[in-house]
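I opened my notebook for a friendly look around this structure. Here is what I looked up, entry by entry.

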Amino acid sequence: MLLSKMRTGVTHSFQYFAAGKPLGARGDAIGYNPDSYPKPGVPRGKLSEQKTITSKIYDGMKSNYWVYASPGVDPATPAALMVWCDGQGIAAENSRLKLFTVTENLIAQKLLPPMVHVLIQPGTSADGKPMRSIEYDTVSDRYPRFLMEEVLPEVEKLYKLRADGYSRAIGGESSGGIAAFNAVWLMTDKFSRAHSAVGSFTSIQWRPQEKQEGGNVYPNKVRKEPKRNIRIWMSDGADDLENEHGSWPMQNIQMANSLKLKEYDFHFRFGTAAHGGAQAGLDLPESLAWLWRDYDPKKTSQEFVMDPTEKLKPFFRVVSLNRDAW
């Protein structure tokens, strides 16, 4: 047994060994910040039971979802909204993200408005096939339309939701990260805030022979297409994936530089974590407060502008630290 005190605010890499050889994949542990732990006297929100929806947009696909209402949400008064991809992990009792606790603590500090979180699980097709990559990694408005036309009307049977994109955000990890960006990029009037952790801006669903775009196109689309009025929090780590679909660290750096070039309201946290939710869990109190900063429930729109401190910073550059240059 190794017992060690973790530093707050950093991710910690670990690897099991047996007989001197690595055992299993390397993992990351989280040195959570104080706002990720329950605090005495802070009101708690309410999580619904699991619900299931059958989609027409995805030809009979079934998806499970959960609805969480934070303290301060009145079922009769339209509330701010945040949709989360891969919601089954967030709804779980042992969730590494600790979304509900962070939300409650930030609302108590008036750093977040009262809001409804919709946690949706990737679906299963009518013939039993997993649909996650098709839903998340395809660059199209199909998944945002599924949310808007099928899921949210069901949620509104429980809680009324704000209809303005200014009051709506969407977040996810990995392929869920590109799904979040898809929504704000393609439906800016419905979602204006995106939270992407270890986002898969890679070629997973790129099918050029079928004229189907994948996440690998986004760095160039951001540079060359008309600017959207959106706000984006991104994070990734130097030990993220490298495979036949692309390089997660390089693509996220490309995305950050493209957003910076066009002066988007964005923040990019680049750490050392591997592919997973460690950096997102570590950052969540800061990232949610940043994403919803200066939110005013009296408004229905806002022009998002780059933070002046970001304007003064240089573009991200890559330095090789794990091998010789020559």
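Which residues are buried in H2? I noted at the start that this is a predicted model. I then went through the helix and found Leu99, Phe100, Thr101, Val102, Thr103, Glu104, Asn105, Leu106 and Ile107 buried.

**Entry on H2.** Helix H2 covers residues 99–108, and 9 of its 10 residues are buried, so the helix is largely enclosed by the rest of the structure. I wanted to know what does the enclosing. The buried residues of H2 pack against four strands and two helices by name: S3 (46–47), S5 (62–69), S6 (80–85) and S7 (115–120), along with H1 (87–91) and H8 (278–291). Following H2, I came to lysine 110, which has a positive phi, near 60 degrees.

**Entry on threonine 202.** I looked for this residue and found it in the loop between strand S9 (193–197) and helix H6 (218–224). Is threonine 202 buried or exposed? Its relative accessibility is 2%, and buried means under 20%, so threonine 202 counts as buried. I set aside its neighbours within four places in sequence and listed its contacts: Gly214, Gly215, Asn216, His245, Gly246, Ser247, Trp248 and Gln251.

**Entry on phenylalanine 14.** I found phenylalanine 14 in strand S1, which runs over residues 11–18. Its relative accessible area is 34%, so I put phenylalanine 14 down as partly exposed. Which residues form a nonpolar patch with Phe14 on the surface? They are Tyr16 and Leu23, and together the three have about 330 Å² of accessible area.

How values were computed. Residues numbered from 1 in each chain as written. Predicted model: local features only at pLDDT ≥ 70, side-chain atom pairs only at ≥ 80, totals over all residues. Heavy atoms only, no water. Patch = residues over 30% accessible without salt bridge, like charges linked within 9 Å, V, L, I, M, F, W, Y side chains within 5 Å. Areas by Shrake-Rupley, 256 points an atom, 1.4 Å probe, with all protein chains shown as cover. Salt bridge = Lys/Arg side-chain N within 4 Å of Asp/Glu carboxyl O. Buried < 20%, exposed > 50% of the residue type's maximum accessible area, 1.4 Å probe, protein only. Contact = heavy atoms within 4.5 Å.
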